[in-house]
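Work through the exercises below with the sequence and the model open. Try each task before reading its solution.

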Amino acid sequence: MANEIIMLCFLAFTFIGCYLVAASDPKPLQDFCVADPTSSGIVNGVSCKDPLFAQASDFSFSGLHIPGNTSNSVGSKVTPVGVTQLPGLNTLGISLVRIDYAPWGINPPHTHPRATEVLIVLEGSLLVGFVTSNPDNRFISKVLYKGDVFVFPIGLVHFQQNVGKVNAVAIAGLSSQNPGVIPIANTVFGSNPSIANDVLAKAFQVDKTIIDQIQGKF
Ligand SMILES: *[C@@H]1O[C@H](CO)[C@@H](O)[C@H](O)[C@H]1NC(C)=O
């Protein structure tokens, strides 16, 4: 009996362990693997440059103090620091973004297919939220102020809105060197080629002319 309980615990821990590993990038098998974007090798990530040639500049990025330009239709700008901008992040399962928001600007509903996101507000106040998966689709949201931190679990649709009269700034860490982003509106209404309007009309339970109108914006 005791042995069976130990075995069950072992299986449970094994399963949880596997789940945690699967929720972020694969763990590295060496100190680092600085991305070599010129390599023709196809790997899960980016090929490594010879570690002997790695330099401090491979592990650093400058300019995140510079506000992003929020003069656009949504009033926000994401400045990413992923493996493309910081080659030393390759295989390490982590990255960063700076997000700037004009007053009432939004970072529209989107998901990250490969990362959980933890966000800290540096300036201003943000309404943030995410929606749980089916069947509940529960909307979990909160207004954050300077110094507040919020986590968006991997894969879930989430957004932020500046609810103050001044600019807002946030920094977010993501559990992937390349989190990816799927903006809901752009992917559904702005795909190339377009999804047929009768498909979207039935999905959204509206007239096709409304779909044409939305598709025209992307
Ligand atoms: C910000 O973006 C807008 C729209 O693209 C552009 O007109 C403006 O010059 C940009 N401002 C700066 C400071 O780059």
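**Exercise 1. Strand β5 and its partners**

This is a predicted model. Its strands β5 and β8 (residues 157-162) pair in the antiparallel sense, over 6 bridges.

Task: find the bridge partner of Phe130 in β8. Then state how many bridges join β5 to β6, and decide how enclosed β5 is.

Solution.
- Step 1. Start with the β8 side. Phe130 has His158 as its bridge partner there.
- Step 2. Turn to β6. It runs antiparallel to β5, and 7 bridges join the two.
- Step 3. Pick one bridge of that pair. Leu126 is partnered by Leu144 in β6.
- Step 4. Check burial. Strand β5 spans residues 125-131, and 5 of its 7 residues are buried, so the rest of the structure largely encloses it.

**Exercise 2. The sheet of 5 strands**

Task: give the strand order of the open sheet of 5 strands. Which strands stand at the edges?

Solution.
- Step 1. Read across the sheet. The order is β1-β2-β9-β4-β7, and the pairing is antiparallel.
- Step 2. Look at the two ends. β1 (76-81) and β7 (149-152) each have a single partner strand, so one side of each has no neighbour in the sheet.
- Step 3. Add the twist. From one strand to the next it averages 20°.
- Step 4. Zoom in on one pair. Strand β4 (residues 117-123) and β7 run antiparallel and are joined by 4 bridges. Val118 has Val151 of β7 as its bridge partner.

Keep the general rule in mind: strands of a sheet pair through backbone hydrogen bonds, either parallel or antiparallel.

**Exercise 3. Salt bridges**

Task: how many salt bridges does a search of the whole structure find? For each pair, decide whether the residues are buried, partly exposed or exposed.

Solution.
- Step 1. Count. The search of the whole structure gives 3 salt bridges.
- Step 2. Fix the cut-offs. Buried is under 20% relative accessible area, exposed is over 50%, and partly exposed lies in between.
- Step 3. Take Asp58 and Lys49. Their closest N and O atoms are 3.0 Å apart. Asp58 has a relative accessible area of 9%, so it is buried. Lys49 has 24% relative accessibility, so it is partly exposed.
- Step 4. Take Arg98 and Asp100. Their side chains meet at 2.8 Å, N to O. Both residues are buried.
- Step 5. Take Lys146 and Glu123. Here the closest N and O atoms are 3.5 Å apart. Lys146 sits in the loop between β6 (139-145) and β7, and Glu123 in strand β4, so this pair ties together parts 23 residues apart in sequence. Lys146 is exposed, at 56% relative accessibility. Glu123 is partly exposed, at 39%.

**Exercise 4. Two helices in contact**

Task: at what angle do helix α3 (residues 197-204) and helix α4 (residues 208-215) pack? Classify the arrangement and sort the contact residues.

Solution.
- Step 1. Read the geometry. The angle is about 110°, and the axes are 8 Å apart.
- Step 2. Classify. Angles of 65 to 115 degrees count as roughly perpendicular, so α3 is roughly perpendicular to α4.
- Step 3. List the contact. α3 supplies Asn197, Asp198, Leu200 and Ala201, while α4 supplies Lys208, Ile211, Asp212 and Gln215.
- Step 4. Sort by class. The contact of α3 with α4 has 3 nonpolar, 2 polar and 3 charged residues.

Terms used:
Residues numbered from 1 in each chain as written. Predicted model: local features only at pLDDT ≥ 70, side-chain atom pairs only at ≥ 80, totals over all residues. Heavy atoms only, no water. Axes fitted to C-alpha atoms, helices over the stretch in contact; angles between N-to-C directions. Parallel < 35°, antiparallel > 145°, perpendicular 65-115°, else oblique. Contact = heavy atoms within 4.5 Å. Nonpolar A, V, L, I, M, F, W, Y, C, P; charged D, E, K, R; others polar. Pairing = 2+ DSSP bridges. Salt bridge = Lys/Arg side-chain N within 4 Å of Asp/Glu carboxyl O. Buried < 20%, exposed > 50% of the residue type's maximum accessible area, 1.4 Å probe, protein only.
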